Amino acid sequence: MTRRSAFPPGRPPPRLRRLPLPADAADLRWLEAAARLAARGQPLSRPNPAVGALLVRAGRVVGRGWTQPGGRPHAEAMALEAAGEAARGATLYVTLEPCAHASPRGPACADLTASAGLARVVIGCSDPDPRTAGAGAARLTEAGVPVDQVDSPACTTSLAGYLTRTRLGRPRVTLKLALSLDGALALPNGESRWITGPAARAHTHALRARTDAILVGGGTLRTDAPRLDVRLPGLAGRSPERWVLTGGTAPAGWRAIPAPAAIHGLSPAQTLFVEGGARTAAAFLAADLVDQLLIYRAPIVIGAGRPGIADLGLTSLGDAHGRWCQVDRRTLGSDTLEVYERTRST
């Protein structure tokens, strides 16, 4: 069947007019792009947060930057240097409020930005660091630069590790479980390689490359001798620190963590990936230290296998409800990934 054009022969169809986005929608779009840019700095920017910055003029990007390894230069400095004179009259979209405190490693970004001749600054997330909190935006306003604070979920998500570290004094914890359909992580004899397929494992390695540290239990370390590195082309240098939950000493190249609560104060880690052991998973869940839960579920049934999570000590089902909210679900090869966020009142 031949499809007939709705327009007369020889006359080109009219060009569709692209309506401008509302100001807040346009701002959110640019902030989302800045947040994706910030991911390039994770986790090498530690101890500083991985920030992304875009300079936009007349709808075109004239400069971009993200926090460099070791924390300097900052994203704003990189974007301004890339833009040069084109920065004058541009709008800066930055995922985190520009810093206001002095540092021997470089100027405060609020001062650097204030002197750049910008038309506007749009911030995706305020900085909870007391040295900056509100002061960065105030310094820009005092210099005559219009500042808008936009509630950007993309920016908050990209900075989740830094925000958790600054507010709670510990890294943001992600618990990863690779399970069968019936909730087992291994056969009764302990065999677990491999529960999930290549696509799910590659996804896990990509997440490892963006985290500061990865932790397993002492039993997992002794039984499986896991490498816990990143085995993706070009990303081996982003392998996280290796931690083990144990009351004893850690082998060379590992850090011993005697209890889940000991992750408080272990600077400069902003993100922690908990991977191995049913008892380790239960210990972090029972201590209410898990912020995100990743469940990779393979389409297999094991039966009397080893459960993914040991006893949590619950005595009432009511205590189990209302704690987790599913935020993502996707297919990875033949496996399924479910992502849950811990629901907290503060």
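Two strands count as paired if DSSP finds at least two bridges between them. With that in hand, the sheet of this predicted model can be followed strand by strand. In strand β1, which covers residues 52-57 and is joined to strand β3 (residues 91-94) by 4 bridges, the direction is antiparallel to β3. Alanine 53 stands opposite valine 94 of β3.

These two strands belong to an open sheet of 5 strands, in the order β2-β1-β3-β4-β5, and the pairing within the sheet is mixed. At its edges are β2 (60-66) and β5 (147-149), each of which pairs on one side only. Direction ignored, neighbouring strands of this sheet are turned against each other by 15° on average. In general, the strands of a sheet pair through backbone hydrogen bonds, and they may do so parallel or antiparallel.

The other side of β3 leads to strand β4, residues 120-123; here 4 bridges join the two strands, and they run parallel. Threonine 91 has arginine 120 of β4 as its bridge partner. From β4 the sheet continues to β5, again in the parallel sense, over 3 bridges. Valine 121 is placed opposite valine 147 of β5. The connection here includes a helix: β4, helix α4 (residues 135-142) and β5 make a right-handed β-α-β unit. Another helix, α2 (residues 75-83), lies across β1, β2 and β3, and it runs at about 140° to β2.

The stretch before and after β1 has some backbone features to note. Most residues other than glycine have a negative phi, and most peptide bonds are trans. Two peptide bonds in this region are cis. One joins glutamine 42 and proline 43, with omega about -5°; the other runs from arginine 46 to proline 47, with omega near 10°. Proline 43 is found in the loop between α1 (23-38) and β1, and proline 47 has its place in the loop between α1 and β1 as well. On the other side of β1, in the loop between β1 and β2, lies alanine 58. Its phi is positive, near 55°. Alanine 58 counts as exposed because its relative accessible area is 84%, and the cut-off for exposed is over 50%.

Further along the chain is a set of residues marked in a record. The unreviewed UniProt entry gives the annotation "binding site" to Ser192, Arg208, Leu228, Arg231 and Glu275. From this set, Ser192, Arg208, Leu228, Arg231 and Glu275 are part of the lining of the second largest pocket.

Which residues does arginine 208 contact, leaving aside its neighbours within four places in sequence? They are Ile214, Leu228, Asp229, Val230, Arg231, Arg238, Pro240, Phe273 and Glu275. Arginine 208 is in helix α7 (residues 198-208), and with a relative accessible area of 7% it is buried. Leucine 228, one of these contacts, lies in the loop between α8 and β9 (241-245). The phi of leucine 228 is positive, near 55°, and this residue is buried, at a relative accessible area of 4%.

Glutamate 275, another contact of arginine 208, sits in strand β11 (residues 271-276). At 15% relative accessible area, glutamate 275 is buried too. Not counting residues up to four places away in sequence, glutamate 275 touches Lys176, Thr204, Arg208, Ile214, Leu215 and Val216.

Threonine 220 is in helix α8 (residues 218-224). This threonine counts as buried because its relative accessibility is 17%, where buried means under 20%. Beyond its neighbours within four places in sequence, threonine 220 is in contact with Ala225, Pro226, Gly276 and Gly277.

Next comes helix α9 (residues 278-286), whose buried residues are Ala278, Thr280, Ala281, Ala282, Phe284 and Leu285. Aspartate 288, which follows α9, has a positive phi near 55°. Two of the buried residues of α9, Ala278 and Ala282, are touched by alanine 310, as is Arg279. Alanine 310 has its place in the loop between β13 (306-307) and β14 (324-332). At 25% relative accessibility, alanine 310 is partly exposed. Alanine 310 and threonine 95 are 215 residues apart in sequence, and their C-alpha atoms are 39 Å apart in space.

Definitions and conventions:
Residues numbered from 1 in each chain as written. Predicted model: local features only at pLDDT ≥ 70, side-chain atom pairs only at ≥ 80, totals over all residues. Heavy atoms only, no water. Axes fitted to C-alpha atoms, helices over the stretch in contact; angles between N-to-C directions. Contact = heavy atoms within 4.5 Å. Right-handed = clockwise from strand over helix to strand, strands pointing away. UniProt positions renumbered as here; feature names shortened; annotations may be inferred. 1 Å grid on protein atoms, 1.4 Å probe; cavity = no way out; pocket = protein on both sides within 12 Å on 5 of 7 lines; lining within 4 Å. Buried < 20%, exposed > 50% of the residue type's maximum accessible area, 1.4 Å probe, protein only.
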